[in-house]
Amino acid sequence: MNNLVMLFQTPSPGTADAVATANSSSISVFLLLALADTRQLQLLHFWLLLGIYLAALLGNGLISTAVACDHRLHTPMYFFLLNLALLDLGCISTTLPKAMANALWGTRDISHAGCIAQTFLFVFLYSGEYSILTVMSYDRYVAICKPLHYGTLLGSRACATMAAAAWATGALFALLHTANTFSLPLCQGNAVDQFFCEIPQILKLSCSGSYLREFGLLVFSAFIFFACFVFIVVSYVQIFRAVLKMPSEQGRHKAFSTCLPHLAVLSLFVCSSTLAYLKPPSISSPSLNLVVAVLYTVVPPVMNPVIYSMRNQEIKQALRTLFGDILLRHQ
């Protein structure tokens, strides 16, 4: 009888926290979202993801090589573009290889340490990419609105400092979010409703009310995100006002050709991120979450090189020169 009474007694808060902590500490693996149920579809997803991954590696690798090897591209704009390409390479390499391995071998698991590492690297690279895009808008603003001060405001030391600050910002955000997320007690199982370790999906596994601290950190991050967005919008308002006042049509065309690719990349990044993190819970579903996650994790790293090289004659010429020299050496 005493055992039955003890069984139906409500545990104290301290006991509940201890149980939750024990449950979270006992999780050795997380189960990621399966991309398909049948073996044929799993293999199809593997080959599709492999093709996307190789396209991203090729595009960003070509841009990085062109900027690094051609001295004509050693300018602030292309220096920041090199940083963007490296961040894109890291970002897609953080999520897709594990998803491809799971699809190929028909598994779903990722180790606890692997999930922590994936979360840290993704937030680090993703935050760093947004910071670099913000810096790139400043670069375009100075180049078009204050051309006489361009060499002073964006000298080699200033560019290196801004790039380092962008990477450091990503590292700081990643450290805060990762440490905070994985310090929460988990009592809702170990099945992550996404194909990679995404913070909102991990928070769903935490105990009721224990995620408020991380929620506050997410709100703070959203405020920083919005502040950068306002800075970018104001910069481009000034840029377009300056471009429209240019007397030369050729000058306007050149200004737009350097600004529009950055604006397209930025719009893709911001729209997909906003859809991922600010969509109403009422329309949330595993299928929609998967589509949105692909939009903001896979599409930008693949499309950014295409957008930047499509109308950029300098990058095209640098690649022609690079491959021309390689072919001449082998003849």
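## Briefing: salt bridges, a helix pair and a nonpolar patch

Asp70 counts as buried because its relative accessibility is 8%, under the 20% cut-off. This is a predicted model, and Asp70 is a handy way into it, since this residue takes part in a salt bridge with Arg72. A search of the whole structure turns up two salt bridges. Beyond those, here's a look at a pair of helices, a nonpolar surface patch and a couple of C-alpha distances.

**Salt bridges**

- Side chains of opposite charge can pair when their charged atoms come close.
- In the Arg72–Asp70 pair, the closest N and O atoms sit 2.8 Å apart.
- The two partners differ in cover: Asp70 is buried at 8% relative accessibility, while Arg72, at 45%, counts as partly exposed.
- Asp139 and Arg140 also meet through their side chains, with an N to O distance of 3.0 Å.
- Here both partners, Asp139 and Arg140, are buried.

**Helices H4 and H7**

- H4 covers residues 76-105 and H7 covers residues 156-182.
- Their axes come within 10 Å of each other and cross at roughly 20 degrees.
- That angle is under 35 degrees, so H4 and H7 count as roughly parallel to each other.
- As for handedness, H4 passes H7 in a right-handed crossing.
- Asn83 is one of the residues in H4, and with a relative accessible area of 8% it is buried.
- Asn83 also has a partner worth checking on screen: Glu129 is 46 residues away in sequence, yet the C-alpha atoms of the two are 8.3 Å apart in space.

**Helix H9 and the nonpolar patch**

- H9 runs over residues 212-244, and Val234 is part of this helix.
- Val234 also helps make a nonpolar surface patch of about 480 Å², together with Phe226, Phe229, Val230, Val233 and Val237.
- How open is Val234 itself? Its relative accessibility is 45%, so Val234 counts as partly exposed; the band for that label lies between 20% and 50%.
- Leu244 is found in H9 too, and its relative accessible area of 61% makes this residue exposed.
- From Leu244, look along the chain to Ala255: the two are 11 residues apart, and their C-alpha atoms are separated by 9.9 Å.

Conventions:
Residues are numbered from 1 along each chain as its sequence is written. This is a predicted model: local features need pLDDT of at least 70, side-chain atom pairs count only at pLDDT 80 or more; totals for chains, interfaces and linings use all residues. Side-chain values use heavy atoms; hydrogens and water are left out. Patches are made of residues with over 30% relative accessible area and no salt bridge: like charges are joined within 9 Å, nonpolar side chains (Val, Leu, Ile, Met, Phe, Trp, Tyr) within 5 Å. Accessible areas come from the Shrake-Rupley method with a 1.4 Å probe; for residues, only the protein chains shown count as cover. A salt bridge is a side-chain nitrogen of Lys or Arg within 4 Å of a carboxyl oxygen of Asp or Glu. Helices (H or I, at least four residues) and strands (E, at least two) are DSSP runs, numbered from the N terminus. Buried means under 20% relative accessible area, exposed over 50%, partly exposed in between (1.4 Å probe, protein chains only). Axes are lines fitted to C-alpha atoms, for helices over the stretch in contact, and angles run from 0 to 180 degrees between N-to-C directions. Angles under 35 degrees count as roughly parallel, over 145 as roughly antiparallel, 65 to 115 as roughly perpendicular and the rest as oblique. A crossing is left-handed if the near helix is turned anticlockwise from the far one by less than a right angle, and right-handed if clockwise.
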